[in-house]
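Biologist: I should like a close look at the salt bridges of chain B, pair by pair. Please explain where the partners lie and how accessible they are.

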Amino acid sequence: MPKIKYIEHNGKEHEVEVPEGYSVMEGAVKNLIPGIDADCGGACACATCHVFVDAAFAAKIPPKTDMEETMLDFAPEIQPNSRLSCQIKVTKELDGLIVRMPHSQH
Amino acid sequence: MNIAVKALEKDARDAAYALPLDKINVAQGILFQTDTMWPYFERLRREDPVHYCADSEFGPYWSITKYNDIMAVDTNHQVFSSDFSLGGITIGGGAANQEPLPMFIAMDPPRHDIQRKVVTPVVSPANLQYLGPIIRERAGKILDSLPIGETFDWVDKVSIELTTMTLATLFDFPFEERRKLTYWSDVVTAVPGHGLIDTLEQKMAVLHEYHAYFTGLWNERVNATEVKGDLISMLAHNPATRNMEPREYFGNVVLLTVGGNDTTRNTITGSVLALNQNPDQYKKLRENPDLIASMVSETIRWQTPLAHMRRTATEDIEFQGKTIRKGDKVVMWYVSGNRDETVIERPNDYIVDRENPRRHISFGFGIHRCVGNRLAELQLQIIWEEIFKRFPVIEQVGEPQRVYSTFVKGYERLDVVIPKRL
Ligand code: FES
């Protein structure tokens, strides 16, 4: 199973195995990792699952849809590597993925 | 709950199930004022979740009552428009006598996105960190001034006071005059003939005074050499908004006033009421104040301070087996979505340690999702932390007085007694 490392804003690291087909958001929520609220349950409609994706993996993740762009547009602390973690599907290629969490979810 | 309330509930249930389905009209202020709308929504969710009402005081409209259907409408802003020119975001908008104001919540992209972004910094994480201690100090002062062993109105003394202070700070509004904000906000959403104002003319006169006051503030800020961080300065100095029509500026002021006022105020009141109606939950919370954050989300769900949002179809669309026509009014009943038993477990129960308390639809979803959600949560969190430092219990006295509105779901008055301090 692909391993994903979630790093909280305070630097606390959580490395977990997430089954393929899950979203990166689900990987966090199902493992009770704090820092991802996911209020809309993965519908790309709240932007409270915002993460920063490690540069090494940026190219391995499919590009954002228009809706994801729009929702991210309203979130604070946006950076070029910002993504909504509910929109990233876990695949074999993402084994070793590192995502960092923003200060808080809005 | 007293016997009269129980009887009313039973009557409402009988009435709701006796009507032919097509005669059900949930958009009646009286149902919300008497808190008897629940069985109507329950029946619609079960028997006709996408329901057409051909005849109401607001004209024909569709009711969307299930959580996932509301989400589908809310996230499809191409087909379900918020635009003020089509009627805007409330069921009443577009009727002959109420021309909706331009404001960013009542716009579609791209205009919506540009204007919304102008004001979002006010609720950024950094600004919330700055506001937190200010809100805490005020909450402490408000609570310390409350009478002990005497009946008083919680709405007036606490809920209104705290939220209006916060709003005055966001606008950098003259602090001593802050109750004007409360009054104007109430007038905006008031239905003439139901308490606050008698006629539409009277309402328009108050809105005129409100507009004039904020025009004064605009002029003051737009000419200031030093740009401050308040909402009016943000609007007056951002290139995207500084040349707005006066009517559009006023529309945005109205949006920010109502959005910052009614919702948090009614949820604060709702929290006292819900905990009193559920003493076991109150006890659980007292014994474990770490549950405050989850209680706050649960109260926002349980209260649903804005009962609905409205959209207008921009094209014909098949939706859950029904044909919604271009131009039709589509009402998303958040109040019902939050009680959808197929998505939320035991939705009618108030559970302060619910497993997934953030799963509610009160803030809406998609591009119009409430911009002030974290500030609302912060105020509720702080007031309860400060309450627990002072009072073992706040006791509800009698029944609350509710608002006559299909939009603002809230309270005019809630009498309480605080028997003693800690
Ligand atoms: S969970 Fe809501 S956008 Fe990802």
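Modeller: B:Glu47 has a relative accessibility of 41% and therefore counts as partly exposed, since that category lies between the limits of 20% and 50%. This is a value computed from a predicted model. The partner of B:Glu47 is B:Arg43, and the closest N and O atoms of this salt bridge are 3.0 Å apart. B:Arg43, at 7% relative accessibility, counts as buried, because buried means under 20%. Both residues belong to helix H3 of chain B, where they are four residues apart, so about one helical turn separates them.

The principle behind such a contact is simple: side chains of opposite charge can pair when their charged atoms come close.

Helix H3 also takes part in a second salt bridge. This one joins B:Glu42 to B:Arg13, with 2.9 Å between the closest N and O atoms. B:Glu42 lies in helix H3, which covers residues 38-47 of chain B, whereas B:Arg13 lies in helix H1, which covers residues 3-18; the pair therefore ties together parts that are 29 residues apart in sequence. As for accessibility, B:Glu42 is buried, with a relative accessible area of 10%. B:Arg13, in turn, is partly exposed, with a relative accessible area of 38%.

A further pair in chain B is formed by B:Glu248 and B:Arg111, whose side chains meet in a salt bridge of 2.9 Å, taken from N to O. Distant parts of the chain are linked here: B:Glu248 is in helix H11 (residues 246-277) and B:Arg111 is in helix H5 (residues 111-119), 137 residues apart. B:Glu248 counts as buried, at 8% relative accessibility, while B:Arg111 counts as partly exposed, at 37%.

Salt bridges also join into a network that includes residues of chain A. Its members are A:Asp37 and A:Asp39 from chain A, together with B:Arg358, B:Arg369, B:Arg374 and B:Glu377 from chain B. Over all chains, the structure holds 45 salt bridges, and the pairs described above are among them.

Finally, a word on the confidence of the prediction. Chain B averages a pLDDT of 95, and 98% of the residues score at least 70. For the model as a whole, the scores are ipTM 0.94 and pTM 0.96.

Note on methods: Residues numbered from 1 in each chain as written. Chains lettered and ligands numbered in written order. Predicted model: local features only at pLDDT ≥ 70, side-chain atom pairs only at ≥ 80, totals over all residues. Heavy atoms only, no water. Salt bridge = Lys/Arg side-chain N within 4 Å of Asp/Glu carboxyl O. Helix = DSSP H or I, 4+ residues; strand = E, 2+ residues; numbered from the N terminus. Buried < 20%, exposed > 50% of the residue type's maximum accessible area, 1.4 Å probe, protein only. pLDDT = per-residue confidence, 0-100.
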